[in-house]
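Please look over the model below before reading on. The points that follow take up the sheets and the ligand site in turn.

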Amino acid sequence: MNVAHLLVDGSRRAGGADALVFGGRRTSYPELVDRVARVAAGLRRLGLRPGDRVALLLPNRPELVEMLWACFWGGFVAVPLNWHLHPDEIAYVVEQSGAAAILVSAETSAAADTLPPQVRIIRAPAATAAEAAEGTNAGTAYSAVPAARPLDMAAVDDADSAWLFYTSGTTGRPKGATLSHRNLAAMTATYHADIDPVAPGSSFLHAAPLTHGSGLYLLPAIGRGATNVISPSGSFSPGDYLGQIERHKITHAAFLAPTMLNRIVRDPQFATYDLSGLRSIVVGGAPLYQEDLRAAVNAFGPIITQMYGQGEAPMTITVMPPGDALAHPGSCGRPFGGIDLRIVAQNGSPVPDGSDGEVIVRGAVVMNGYWKNPKATAETLVDGWLHTGDIGHLDPDDGYLYLTDRAKDVIITGGSNVYPREVEEVLLTHPAVREVAVVGVPDSEWGESVVAFVVADQTLGAAELVELCKAHLASFKKPRSVVFVDDLPKNATGKIVKRQLRQETHLADRQIIR
Ligand code: AMP
């Protein structure tokens with residue numbers, strides 16, 4: 001089944017609701033279906049064939065949504081790219097994916113200048129935020145895409161590629177997790193079954209990049225005829241976000257990274273907004289610390305669903321329903337329906353009940369493999385099991401999963417394992433600590449030593465934080481150094497880039513505590 005059927009189905013269910021809202025600009029469902037089918041036809045006339053890759057490089061815009069669905073519709077493979085990537089990274093992904101065309105906007109067209117000539121450059125209609133705010137439907141034609149009569153939806157195999165999800169690049173070169181029509185359909189069905197069935201009249205607010213998590217959640221939203229609101233502000237700010245919820249009577253916060261949720265909850269004007277229509281906030285993609293979850297539940301009420309997933313099993317490994325969250329502190333929930341999850345030792349054998357090991361999963365959401373990267377595919381997909389690279393344990397009684405860390409982030413100091421997350425959780429209980437990241441750095445005596453990077457609201461002594469850790473953790477887990485910083489480095493999807501912090505640990509020398 002072509003996953004674009006969700007759009008047709010959603011259009012039938014929408015009951016007159018708009019499909020897309022971007023400031024004052026509204027696109028109805030019938031209009032969206034028509035535009036998607038015409039753009040798909042135009043891509044064919046441009047010479048693209050089913051299976052050809054189309055890179056999407058633009059900020060959150062209606063055109064991104066249209067082209068994504070035009071790719072599904074025409075049997076092309078979408079390669080959504082975060083528009084904040086460096087031109088070299090963009091060039092790498094375009095080349096590695098073998099993209100035949102790239103969609104750019106005014107903000108991103110410069111990156112296209114350096115691409116090889118065989119890559120067709122398609123420019124999105126110039127709709128500035130100001131035009132959108134006034135409600136004008138600015139240009140509707142895509143440069144280079146010939147006008148064409150609507151295309152019949154392409155017949156595809158379930159296993160055909162639909163979306164190359166390039167990993168967000170917290171480590172090494174990005175790899176393209178190849179998601180099939182079946183993977184996306186399974187993700188959507190699972191969302192409806194285990195997160196929310198999406199009642200008629202729902203409206204989703206997309207603030208995280210549509211090229212990643214929020215774009216994946218277009219599928220369950222559109223499949224049920226919900227309205228999708230995209231802020232024309234172009235970049236995330238808590239005030240704009242809360243204002244959009246109030247203005248558009250948003251029912252679903254489509255997907256938020258924990259760092260975004262924290263910023264919203266801490267907004268000084270939070271209490272002044274009417275958020276009464278909001279029924280669901282989905283948070284995931286990075287650890288949601290207990291203190292932050294508590295603060296968010298206090299602010300919003302029990303409407304926060306935490307999910308754990310990765311590009312390789314899009315948005316769908318475990319889920320913590322809103323009602324359960326505070327009863328299982330530190331857990332990211334239980335496997336979604338249809339997900340088989342095990343914890344294994346390095347050699348692949350099962351670990352004793354309740355012990356830490358690597359999380360491996362299988363199910364209909366698990367990717368086909370990495371695009372043109374058989375070596376990485378063979379390392380990651382073993383006998384149908386996706387090796388997530390995440391370390392965690394299952395509660396033997398109730399099956400809740402507790403993620404400790406990425407395997408590569410575990411610190412081995414003096415022969416003992418320290419999971420950064422447990423140190424981070426303790427540091428965050430200090431009222432003046434806003435954000436932390438704990439990393440390991442080479443140490444001639446201990447192998448590695450624990451370094452904490454801390455963003456604090458007021459001046460703090462490192463010794464105070466170390467004492468706090470000693471009061472709650474084994475002494476070998478306490479930070480040997482604390483570095484106070486104004487900000488933590490984050491990648492385009494809001495994840496802390498620990499690799500960069502490890503390179504900056506020479507700063508730690510100033511604060512050594514022994
Ligand atoms: P990406 O493929 O870029 O979305 O990154 C996925 C990775 O983010 C996972 O493998 C985990 O390491 C991390 N992650 C995602 N969701 C959670 C969560 N709820 N709690 C902790 N880590 C998470």
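1. Two strands are said to pair if DSSP finds at least two bridges between them. Helices (H or I, at least four residues) and strands (E, at least two) are DSSP runs, numbered from the N terminus. The model is predicted, so to speak of local features pLDDT must be at least 70, side-chain atom pairs count only at pLDDT 80 or more, and totals for chains, interfaces and linings use all residues. Residues are numbered from 1 along each chain as its sequence is written, and side-chain values use heavy atoms, with hydrogens and water left out.

2. One open sheet has three strands, in the order 24-25-26, with mixed pairing. Its edges are strand 24 (433-443) and strand 26 (481-484), each of which pairs on one side only. From one strand to the next the twist averages 25°; axes here are lines fitted to C-alpha atoms, for helices over the stretch in contact, and angles run from 0 to 180 degrees between N-to-C directions.

3. Strand 25 (residues 447-456) and strand 26 run parallel and are joined by four bridges. V451 has S481 of strand 26 as its bridge partner. Helix 15 (residues 462-472) packs on this sheet and touches strand 24, strand 25 and strand 26, where contact means heavy atoms within 4.5 Å. The direction of helix 15 makes about 130° with that of strand 26. Helix 14 (residues 420-427) lies across strand 24 and strand 25, at about 145° to strand 24.

4. Another open sheet has nine strands in the order 2-1-10-9-11-12-13-14-15, again with mixed pairing. Strand 2 (25-28) and strand 15 (334-335) are the edge strands, each pairing on one side only.

5. Within the nine-strand sheet, strand 9 (residues 203-206) pairs with strand 11 (residues 252-256) in the parallel sense over two bridges. F204 stands opposite H252 in strand 11. Helix 7 (residues 181-194) packs on the sheet, touching strand 9, strand 11, strand 12 (280-284) and strand 14 (313-320), and its direction makes about 15° with that of strand 14.

6. Which residues are closest to the ligand? They are Q310, G311, D390, R406 and K495, out of 14 that surround the ligand; a residue is near a molecule if one of its heavy atoms lies within 4 Å of it. Polar side-chain atoms of Q310 and K495 each lie 2.7 Å from an oxygen atom of the ligand, and one of D390 lies 2.6 Å from a ligand oxygen.

7. The protein covers 87% of the 500 Å² of accessible area that the ligand has on its own, by the Shrake-Rupley method with a 1.4 Å probe. Strand 13 (304-310) and strand 21 (401-406) are the elements that give two or more residues to the shell. Strand 13 gives the most, with five residues.

Key:
A polar contact is a pair of N or O atoms within 3.5 Å; within protein, one must be able to donate a hydrogen and the other to accept it, and residues adjacent in sequence count only if both atoms are side-chain atoms.
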